[in-house]
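Open your viewer and get ready to select a few side chains. We will go from one charged pair to the next.

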Amino acid sequence: MKHVAVLTSGGDAPGMNACIRAVVRSAFREGWKVAGVYRGYQGMIENDLIEITQDHVHNTIHRGGTWLKTARSEEFMTVEGRQKAISHLRERGIDAVVVIGGDGSFRGAIALSKEMNIPVVGCPGTIDNDLFGTDFTIGYDTAVNTAVEAVDRIRDTATSHNRLFFVEVMGRDAGFIALRTGIAVGAEAVLIPETVTYIEDLSSKLASDWASQRRSGIIIVAEGDDQGGAVEVAKQVQERFPQWETKVTVLGHIQRGGHPSALDRILASRMGHGAIQALKQGLSSVMVGVKAGQVVYIPFEQATKHHSEISPYLLDLIEALR
Ligand code: F6P
């Protein structure tokens, strides 16, 4: 019998609860025990763990956030911090760990697995969708749907008032939320960190829009765009185009909350189940991914080495349909 510890780490993402539930239910089915670590690696260091029962995961599949809570732990980046965490896990007889989080969480997982010499498996939970080795991460679909709903409302008022809106979506290092939101709302332009933003190019597009009587518009800006966030880009455009009345909306953390979409619940369930299957097969230091509809296992080293790539086809689609 195994004693698995499960934790959520880094930025929360809708569907994390569904993933915890899948890990717990799949482990129980194997006759294993599961300990829940509160507040990610920080809770591991502070010995903040509980033994999970069926009651803990009952009625959680539809809830946003993570009932295990989450944190970004500086202390876990140090050998001393990890040694504390490892001694607590050893005292409790933990012999495997499932980490639900993003690339920073998986880097911690690599160190933990090496230093404690136990298997660690990861499930990609981040709204950013930037992890290599999976088509989608848990929380991304919900975040895009949240952003799309918000931008649809903005489009209504933008049209009524003949205004140009710059809407900032999350993505400090990645433009995936911006890209799909932009396609779904029919944005006039999408600015993302993965491509160089030329304000002059954007300006000439807006000039031709104006010339063809387009009097309102939506520009989606990823927070990590190289020209700065939506406030900065709007300022630069306004200086060149006094005829446009520009407005800025920063969507912020509403993208991280809310009930997970059906797609995220299903993805999280498959990945949580996949994590226990991986442990059963004797795998370690792998992330569970879903590629082309199939569950796959990607070594942590690969998943954390490079980000997923933005599809040039989707980028072109924005231009083709504007
Ligand atoms: O969850 C990922 C992410 O949303 C990034 O896109 C964003 O920059 C970051 O987390 C902000 O997280 P926090 O506010 O928790 O530091």
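This tour visits some of the salt bridges in what is a predicted model. Across the structure there are 17 salt bridges. As background, side chains of opposite charge can pair when their charged atoms come close.

**First stop: Arg39 and its partners**

Select Arg39, then add Glu46. These two form a salt bridge, with 2.9 Å between the closest N and O atoms. Now add Asp48: Arg39 forms a salt bridge with Asp48 as well, and here the closest N and O atoms lie 3.0 Å apart.

How accessible are these side chains? Arg39 is partly exposed, with a relative accessible area of 25%. Glu46 counts as partly exposed at 44%, and Asp48 counts as partly exposed at 27%.

**Second stop: Glu245 and Arg163**

Next, select Glu245 and Arg163, whose side chains meet in a salt bridge of 3.0 Å, N to O. Colour the strands to see where the partners sit: Glu245 belongs to strand E9 (residues 245–250) and Arg163 to strand E6 (residues 163–169), so this pair ties together parts that are 82 residues apart in sequence.

Is Arg163 buried or exposed? With a relative accessible area of 18%, Arg163 is buried, because buried means under 20%. Its partner Glu245, at 35%, counts as partly exposed.

**Last stop: a network**

Finally, select Arg155, Glu188, Asp209, Arg214 and Arg322 together. These five residues are linked in a network of salt bridges. Show their side chains as sticks and look at the charged groups of Arg155, Glu188, Asp209, Arg214 and Arg322, which the network links.

Key
Residues are numbered from 1 along each chain as its sequence is written. This is a predicted model: local features need pLDDT of at least 70, side-chain atom pairs count only at pLDDT 80 or more; totals for chains, interfaces and linings use all residues. Side-chain values use heavy atoms; hydrogens and water are left out. A salt bridge is a side-chain nitrogen of Lys or Arg within 4 Å of a carboxyl oxygen of Asp or Glu. Buried means under 20% relative accessible area, exposed over 50%, partly exposed in between (1.4 Å probe, protein chains only). Helices (H or I, at least four residues) and strands (E, at least two) are DSSP runs, numbered from the N terminus.
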